[in-house]
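Q: I am new to this structure and would like a close look at a single part of it, with enough of the surroundings to see how that part fits in.

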Amino acid sequence: MPAAPVLKKAVVPLEGVHCASCVARLEDGLGTLPGMARVSVNLPSKTAFLSYDPALAGQKAIEDRIAELGYKALAFSESAALAENTALKELEREKAMFLRRFVLGLVLTSFLLLDFVFGFSPYSMLVVAGLAWWFAGKHFHQGFSAALRARTADMNSLVSLSTSVTYFYGVFVTLFPGAAGHYHAQWHEVGMLITFINLGRWLEARSKSKAGEAVAKLFKIAPKFARRFRDGKEQSVPVDEIVPGDLLLLRPGEQVPVDGRVASGASALDESLLTGEAVPVEKEAGARVYAGTINKTGALEFTAEGVGEATVLMKIIRAVEESQAEKSAVQHLVDRISAWFVPFVLLAAAGSAGAWLYYGADAARAVSIFAAVLAVACPCAMGLAVPMAVAVGFGRAASAGILIRNADVLERVSGVDVVIFDKTGTVTEGRLRLEGLKPQGSEKDFLRLLVSAEDKSEHPFAEAVRERAREAEVKAMPTYSFEAVPGKGVRARLAEGEILAGSLKWFDELKATVPAQARAEIKASPDSMLLVSLDGNFKGYAVLTDAVRPEAAGLVKELVAMGIEPVMASGDRQAVVAHAAGLVGIKTWHAEVFPEEKRQIVMRYKALGKRTAMVGDGFNDAPALSEADIGMAMRSGTDVAAQASDMTLMHNDLRSVITAVRISKSIRRVIKQNLAWAFAYNIVLIPLAAGAFYPSLGLVIPPSAAGAAMALSSVSVVMNSLRLKRVKI
């Protein structure tokens, strides 16, 4: 079987993306490139997120295809920081351009309106209207030209056609007055139409720049310089020059420039950026430090490990950006509708103009109707309805320490019936302490066997064992092989033989001998136990304690008040799980369950028709997190758990579960409001512009009013989405 291709990721900020039709054109056009695995274009940030096979699709081929489609790739990078910086610069450039052209259009339109007072020469009006049509509306005409080359149509097509038809019909009337009868050129309509739409686009761009503030703040947090030791000298160098293995110095009050591991020194670091914990975390030799956190007291020397895009901070930022670009089922539906929207509007405009001519209207009225229908239709509002709410909402969630990994979770989060919690590291603090050793022989020999078995494990049990071994100055023996058995224990081979360290249930499953007295003590205790054997001979057990999170009981009460059933599922023993569940008020609990059994518990609740969320932090929680309707991983847990989840709770606080549900519901509510407004707007105003209400109500709107309404629609959607920045948490 041939090996699967190794895919690369790229983030590509784009120039010229304005509406859902642009997004559809790019995704369809790039998706047909050989080797392209995934394309997702985020409309608010005008950025494409790509996954591709570099052996089949290179950077030049991708950039060439983007150019063929009528757009420009401003950068091509795997760096989220570079792409974000480029995208923000492009947004600022666009915002300034719209403002300049709005002001120019306003000045020229003011002159055109003065014609009603002073009666200027028709040729003077033609020239001034021409200046407004071209210089204030040049970007619309260029966009229309690019769309024609790509054999598609978009919002630029509608604006360019409506203003061009109105202007050139005025030119015809001015040059051949006898052919037009009593009709006068509507020059002010040309100027007002372009001016209003430019105003709307400027307000929209201004609002969009606020949408990315949460992510932009994370970029600003990242330090720019580091103190590096090289050749016995201390150097201040840009962070970009740091490579894994460099020895760095961190002084009090400074930010950690990259992820690394402490080589010497002791200090306390403020890690609230990543964990939400206000209490500084003590660091000494061997401890991990993370980019963006702040050194509070002592000096540290540490070795760089994760640099650039490999730091935890940059992974968080990239996760937020990619999640904003992910599309929900609703967004895919809206995209399909938007793809047909512009052609439908063109047909509706032509059909309306033709109907007015058929029923005896003059050409002037038909031209006005044609321009009004094109001007009033707003594909921007539909295209922005979902991604704008997602961009702002996901940014707000990120500022609250909640990373939402995909937009589909918003469809599932309302109506959650059951929340299943893991115990260790989730309901409890996960800061286990090895309280007692019950060896069959020497306590020191037992501890040496135990730390040797757990030395390569990431489980909270292992960290507690290593901490106790450091205090007792007991070092691990070399291991020739190591295997972590999720939810059960570990197996390691040493020169002395094979060590097993794990739960009583696992030992029973392996038919390992456990003395009756030890078995009775283990079953009666509410604490966690870690049994140890060497080559099948029972060597004793360790007693581990873990405190329940102080906020857990309050969270459980709040869930019950919301009509959500809390459940606990743990691989720990019956007595331990029952004790922890009782402390926080959880009535339904499952003990001594392996990872696959946790998944089966989730499946049982789903089979009963209950929408189920799973909250966990460990490698053994990954199957259940993937199976649940909504998987929530604690940041203090493993990377495997985070990758398997829909949400990552960065703050080590269980109350984030409630916050995540509230924010998700708010985002979903705003999406519904945006879509309702966008569709209702087009359903009502397109027939109004076409003159459908004229026979009965005498209502019809001129092109300038239609242009103002078009601007209002997209701005309203953006402003409504920005309300998510103020969601209470």
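Is strand β2 (residues 36–42) mostly covered or mostly exposed, and how many of its seven residues are buried?

A: This is a predicted model, and a word on confidence comes before the details. The chain averages a pLDDT of 82, with 88% of the residues scoring at least 70. Among the elements of the chain, strand β22 (residues 565–569) has the highest mean pLDDT, 93, while helix α25 (residues 639–644) has the lowest, 55. Where pLDDT is low, the predicted coordinates should not be read in detail.

Strand β2, which covers residues 36–42, is mostly covered, since five of its seven residues are buried. Its partner is strand β3 (residues 47–52), which runs antiparallel to β2 and is joined to it by six bridges. Within this pairing, V41 stands opposite A48 in β3. The two strands form a hairpin with four residues between them, and in that turn K46 has a positive phi of about 55°.

The turn residue K46 also leads away from the hairpin, because its side chain meets that of E94 in a salt bridge, with 3.5 Å from N to O. This pair links distant parts of the chain, as E94 belongs to helix α3 (residues 80–113) and K46 to the loop between β2 and β3, 48 residues apart. Both partners are under cover: E94 has a relative accessibility of 3% and therefore counts as buried, and K46, at 4%, counts as buried too.

That contact can be set beside other salt bridges, of which a search of the whole structure finds 27. R65 forms one with E68, the closest N and O atoms being 3.4 Å apart. Here both residues lie in helix α2 (residues 59–68), three residues apart, which is about one turn of the helix. E68, at 54% relative accessibility, counts as exposed. Another salt bridge brings together the side chains of R433 and E471, at 3.4 Å from N to O. This pair, too, links distant parts of the chain, with R433 in strand β16 (residues 433–439) and E471 in helix α18 (residues 460–471), 38 residues apart. R433 is partly exposed, with a relative accessible area of 41%, and E471 counts as partly exposed at 43% relative accessibility. Elsewhere, salt bridges that share partners join R227, E234, R251 and E254 into one network.

Strand pairing appears again in an open sheet of six strands, in the order β6-β5-β7-β13-β8-β11, with antiparallel pairing. At its edges stand β6 (233–238) and β11 (288–289), each with a single partner strand, so one side of each is left without a neighbour in the sheet. Inside that order, strand β8 (residues 259–265) and strand β13 (residues 300–306) pair in the antiparallel sense over six bridges, and the bridge partner of G265 in β13 is L300.

Aromatic rings provide another kind of contact, and the structure holds 13 aromatic pairs. In one of them, the rings of Y167 and F168 have their centres 5.1 Å apart and their planes at 70°, so the pair is edge-to-face. Y167 counts as buried at 8% relative accessibility, whereas F168, at 43%, counts as partly exposed. In another, the rings of W356 and Y694 have their centres 5.4 Å apart and their planes at 55°, so that pair is tilted. Because W356 lies in helix α12 and Y694 in helix α27 (residues 694–697), the pair ties together parts that are 338 residues apart in sequence. W356 counts as buried at 15% relative accessibility, and Y694 as partly exposed at 37%.

Ring pairs also link W133, W134, Y167, F168 and W187 into a cluster. Of these residues, W134 lies in helix α5 and, at 32% relative accessibility, counts as partly exposed. W134 is also part of a nonpolar patch on the surface, formed with L104, V127, L131 and F135, and the patch has about 420 Å² of accessible area together. Helix α5 (residues 122–136) gives the most to this patch, with four residues.

To return to the part you asked about, β2 is a mostly covered strand that forms a hairpin with β3, and the salt bridge between K46 and E94 links the loop of that hairpin to helix α3.

Conventions:
Residues are numbered from 1 along each chain as its sequence is written. This is a predicted model: local features need pLDDT of at least 70, side-chain atom pairs count only at pLDDT 80 or more; totals for chains, interfaces and linings use all residues. Side-chain values use heavy atoms; hydrogens and water are left out. pLDDT is the predictor's confidence in each residue, from 0 to 100. Two strands pair if DSSP finds at least two bridges between them. Patches are made of residues with over 30% relative accessible area and no salt bridge: like charges are joined within 9 Å, nonpolar side chains (Val, Leu, Ile, Met, Phe, Trp, Tyr) within 5 Å. Accessible areas come from the Shrake-Rupley method with a 1.4 Å probe; for residues, only the protein chains shown count as cover. A salt bridge is a side-chain nitrogen of Lys or Arg within 4 Å of a carboxyl oxygen of Asp or Glu. Buried means under 20% relative accessible area, exposed over 50%, partly exposed in between (1.4 Å probe, protein chains only). Rings of Phe, Tyr and Trp (its six-membered ring) pair if their centres lie within 6.5 Å; planes under 30 degrees apart count as stacked, over 60 as edge-to-face and the rest as tilted.
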